[in-house]
Amino acid sequence: MVLGGRRSGRPTLEEVAARAGVGRGTVSRVINGSPRVSDHAKAAVEAAIAELGYVPNRAARALAGNRTDAIALVIPEAETRLFAEPYFSDIIRGVGAELADTDMQLLLTLLRTPKERQRFAQYLTAHRVDGVLLASVHEDDPLPDLLEQLEMPTVLSGRRSDLESVSYVDSDNVGGARSAVAHLLGLGRRSVATITGPLDMYVARCRLDGYRQAVEGAGLLHDNALVAAGDFTEEGGRAAMRALLERRPDVDAVFAASDVMAGGALQVLREKGRRVPDDVALIGFDDSAIARHTDPPLTSVRQPIEEMGRTMARVLLEEIAASTATRRHVVLSTELVRRESA
């Protein structure tokens, strides 16, 4: 409203519509980024917004578009893993960096118990967030299917299988593992073992597949005694390394499916008097800060974890903004970083 040639209060949606010569609904669609507006009408509305200095009321805009301006980053793991593994902090850093210049609020959610999962499912059913980023995906996790049923925009860090239907951002886990084991074999090592991640996770099975491909590609027979199950934790790496040494004292190289497990394996090798890399060469996966601070520094497969987080957030924002359901499958490349352990 204008009194005595001066504006009273902030410009309204109706004033923008009047200035642009369009209806109120058209202005709302332009503000909310709807594609159902002609270029001519969009230009007129944008010009009117600029002339009047109109600033959308964020709460009203969200309500009108059934939006919350919030997304959830869900980590279905105990807080001990969250704080012990650099992977999660790097994912969070990447997501936060990508969202920094947006209006989106990031809600970090840990799901540790069935009760917490049920409570979060109710939260999702009430559409309290616009989308979900899900890290650390296990094969039997029902959450991705629930998200699909709710038609909730979702992006996974990794995937449940090679038939994954939900959008995901992943690394070339097979290729990364294969390059690591090929490097160990190229050093002349022949009793090459692996410490796997939990095999209910597709990422762990992929890294085991890469190990097997490299061994078979070198003309060696696959030996199950050289495969020890781990769980991506330091203690899991220690237990697996002890089991390997008991079964195969002649082991001369180890590919661990994470740097955290490689760190645990390194402790056991030192306890048992095995020199790294002289007696046993060792390679991890992730190229986290752990790899640079072990003694000796750890050769590791670098996956761009922070970039994964950025890409996950970017893909989710695109999915939220899309007028129709979209699915994106993104696989980022890996690289072997050589240090003193192998």
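**Exercise 1. Determine whether Gly-21 is buried or exposed, and place Gly-21 in the chain.**

Gly-21 has a relative accessibility of 65% and therefore counts as exposed, where exposed means over 50% relative accessible area, buried under 20%, and partly exposed in between (1.4 Å probe, protein chains only). The model is predicted, so that local features need pLDDT of at least 70 and side-chain atom pairs count only at pLDDT 80 or more, whereas totals for chains, interfaces and linings use all residues. Residues are numbered from 1 along each chain as its sequence is written, and side-chain values use heavy atoms, with hydrogens and water left out.

Next comes the setting in the chain. Gly-21 lies in the loop between helix 1 and helix 2 (24–31), with helices (H or I, at least four residues) and strands (E, at least two) being DSSP runs numbered from the N terminus. Gly-21 follows helix 1 and has a positive phi, near 75°. In helix 1 (residues 13–20), the buried residues are Leu-13, Glu-15, Val-16, Ala-17 and Ala-20.

**Exercise 2. Describe the open sheet with the order 4-3-5-6-7-13 and the helix 14 that packs on it.**

The sheet has 6 strands with parallel pairing, two strands being paired if DSSP finds at least two bridges between them. Its edges are strand 4 (105–110) and strand 13 (329–332), each of which pairs on one side only. From one strand to the next, the twist averages 15°; axes are lines fitted to C-alpha atoms, for helices over the stretch in contact, and angles run from 0 to 180 degrees between N-to-C directions.

Strand 3 (residues 70–75) pairs with strand 4 in the parallel sense over 6 bridges, and Ile-75 stands opposite Leu-110 in strand 4. Helix 14 (residues 305–321) touches strand 3, strand 5 (131–134), strand 6 (154–157), strand 7 (167–171) and strand 13, and its direction makes about 165° with that of strand 6; contact means heavy atoms within 4.5 Å.

**Exercise 3. Describe the open sheet with the order 9-8-10-11-12-14 and the packing of helix 10 and helix 12 on it.**

This sheet also consists of 6 strands, but its pairing is mixed. Strand 9 and strand 14 (335–337) are the edge strands, and the twist averages 20° from one strand to the next.

Within the sheet, strand 8 and strand 10 run parallel and are joined by 4 bridges, with Ala-193 opposite Val-254 in strand 10. Helix 10 touches strand 8, strand 9, strand 10 and strand 11, its direction making about 170° with that of strand 8. Helix 12 touches strand 8, strand 10, strand 11 and strand 12 (299–302), and its direction makes about 155° with that of strand 11.

**Exercise 4. Identify the residues with the most contacts inside the largest nonpolar core, and examine Ile-195.**

A nonpolar core is a set of buried Ala, Val, Leu, Ile, Met, Phe, Trp, Tyr and Cys residues joined through side-chain atoms within 4.5 Å. The largest has 46 residues, and those with the most contacts inside it are Ile-195, Tyr-211, Met-241 and Phe-255. Elements that give two or more residues to this core include strand 8 (192–196), helix 10 (202–217) and strand 10 (253–256).

Leaving aside neighbours within four places in sequence, Ile-195 is in contact with residues including Met-241, Leu-244, Val-254 and Phe-255. A second, separate core of 24 residues includes Leu-82, Val-95, Leu-99 and Leu-316.
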